[in-house]
Amino acid sequence: MPDYAFMNQRLFEGDEESVARLTEEALAVGRPALEVLRDGLIAAMRVVGEDFKYNRIFVPEVLLAARAMKAGMAVLQPLLTQSEGAASAGTIVMGTVKGDLHDIGKNLVGMMAEGAGFKIVDLGTNTSADEFIAAVREHDADLLGMSALLTTTMVYMKTVVDAMSDAGLGNVPICIGGAPITQEYANEIGAAGYAADAGSAVQLFKRLTAEGGEEVSASVGP
Ligand code: B1M
């Protein structure tokens, strides 16, 4: 059994080489990728978030921890994105909204959705409504996914929902997520769905693309 507490500590300290190596070692002894992700990486990031909140650590330390988290995610990526089937489940345009640079959660959602057979068009961070709309049109997307981690940037999701509607793309289901997002907020801004984590986001995407955008939510899985 891998020593996840040790791995958490290395991530907390921003030791990306150790985190990558420990991730590889956990996989090598047969631990499932989702377990390594949940217990080795996400658990540590939760502590980083708490300590950041209470000013026990600051942006430079959080940046290092984020880099270490990404090093672990890079090791897991081939396993998480391994597609379940040959047929494409649909195309999803995804991005973090304007003003927001957080991308770890969005990347995780993208990887797991890719693993479920979706084609992901990742617009990265700081994405404007115009960029979302252009990408949805260009790729004839089946769904638009938005992520926001700040209470100051989540409000931009409504701007995008409204702009999509004004652009005649109101039929494309929009799914939102990120730490401050709730189902109530999704309802309020007219998004088709909300998911609390990457595992439930994939279930939600499957339902939304199959059902053509009914209002649903999900909150199970890693
Ligand atoms: Co920032 N940050 N940060 N930060 N940061 C938070 C979000 C914060 C909650 C920390 C805190 O105070 N406890 C706080 C926001 C407070 C608020 O708005 N109320 C905060 C702040 C204040 C800031 C700055 C303003 C700090 C500053 O400069 N003074 C600044 C803003 C920069 C900007 O964006 N303009 C900032 C900067 C940064 C770093 C750059 C240092 C770094 C980001 C690095 C990166 O992403 N490349 C960072 C980090 C790492 C965090 C915390 C610690 C961790 C976020 C993370 O990666 N979590 C975060 C604390 C927290 O969230 N509690 C914090 C792990 C990830 C797996 O979870 O992203 O929630 P998460 O994703 C989950 C779900 O939310 C969901 O599934 C994912 C996987 O399970 N999900 C979706 C996400 N997107 C989804 C989309 C979907 C569906 C589900 O559908 C499309």
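This is a conversation about how terms are applied to helix packing and a ligand site in a predicted model.

Biologist: What should I keep in mind about the model and its numbering?

Modeller: The model is predicted, so local features need pLDDT of at least 70 and side-chain atom pairs count only at pLDDT 80 or more, while totals for chains, interfaces and linings use all residues. Residues are numbered from 1 along each chain as its sequence is written, and side-chain values use heavy atoms, with hydrogens and water left out.

Biologist: Why are α3 and α5 called roughly antiparallel?

Modeller: Helix α3 (residues 33-53) and helix α5 (residues 104-115) pack at an angle of about 170°, with axes 13 Å apart. Angles under 35 degrees count as roughly parallel, over 145 as roughly antiparallel, 65 to 115 as roughly perpendicular and the rest as oblique, and therefore α3 and α5 are roughly antiparallel.

Biologist: Which residues make that contact, and how do they divide into nonpolar, polar and charged?

Modeller: With contact meaning heavy atoms within 4.5 Å, Leu-34, Leu-37, Ile-42 and Met-45 of α3 meet Ile-104, Leu-108 and Met-112 of α5. The residues of this contact divide into 7 nonpolar, no polar and no charged, where Ala, Val, Leu, Ile, Met, Phe, Trp, Tyr, Cys and Pro count as nonpolar, Asp, Glu, Lys and Arg as charged, and the others, Gly among them, as polar.

Biologist: What makes α4 roughly parallel to α5?

Modeller: Helix α4 (residues 59-80) and α5 pack at an angle of about 5°, with their axes 10 Å apart, and that angle makes α4 roughly parallel to α5. The residues of their contact divide into 8 nonpolar, 3 polar and 1 charged, and among those on the α4 side are Lys-70 and Gln-77.

Biologist: What makes His-102 a donor of the cobalt atom of the ligand?

Modeller: Donors are N, O and S atoms within 2.8 Å of the metal (3.2 Å for Na, K and Ca), and water is not among the atoms, so sites may look incomplete. The NE2 atom of His-102 is at 2.3 Å, and His-102 is the only protein donor of the cobalt atom; this residue lies in the loop between β1 (90-96) and α5.

Biologist: How do you know that Asp-103 and Ser-147 make polar contacts with the ligand?

Modeller: A polar contact with the ligand is a pair of N or O atoms within 3.5 Å. A polar side-chain atom of Asp-103 lies 2.7 Å from a nitrogen atom of the ligand, and one of Ser-147 lies 2.8 Å from a nitrogen atom of the ligand.

Technical notes: Axes fitted to C-alpha atoms, helices over the stretch in contact; angles between N-to-C directions. Helix = DSSP H or I, 4+ residues; strand = E, 2+ residues; numbered from the N terminus. Polar contact = N/O pair within 3.5 Å; in protein donor to acceptor, adjacent residues only side chain to side chain.
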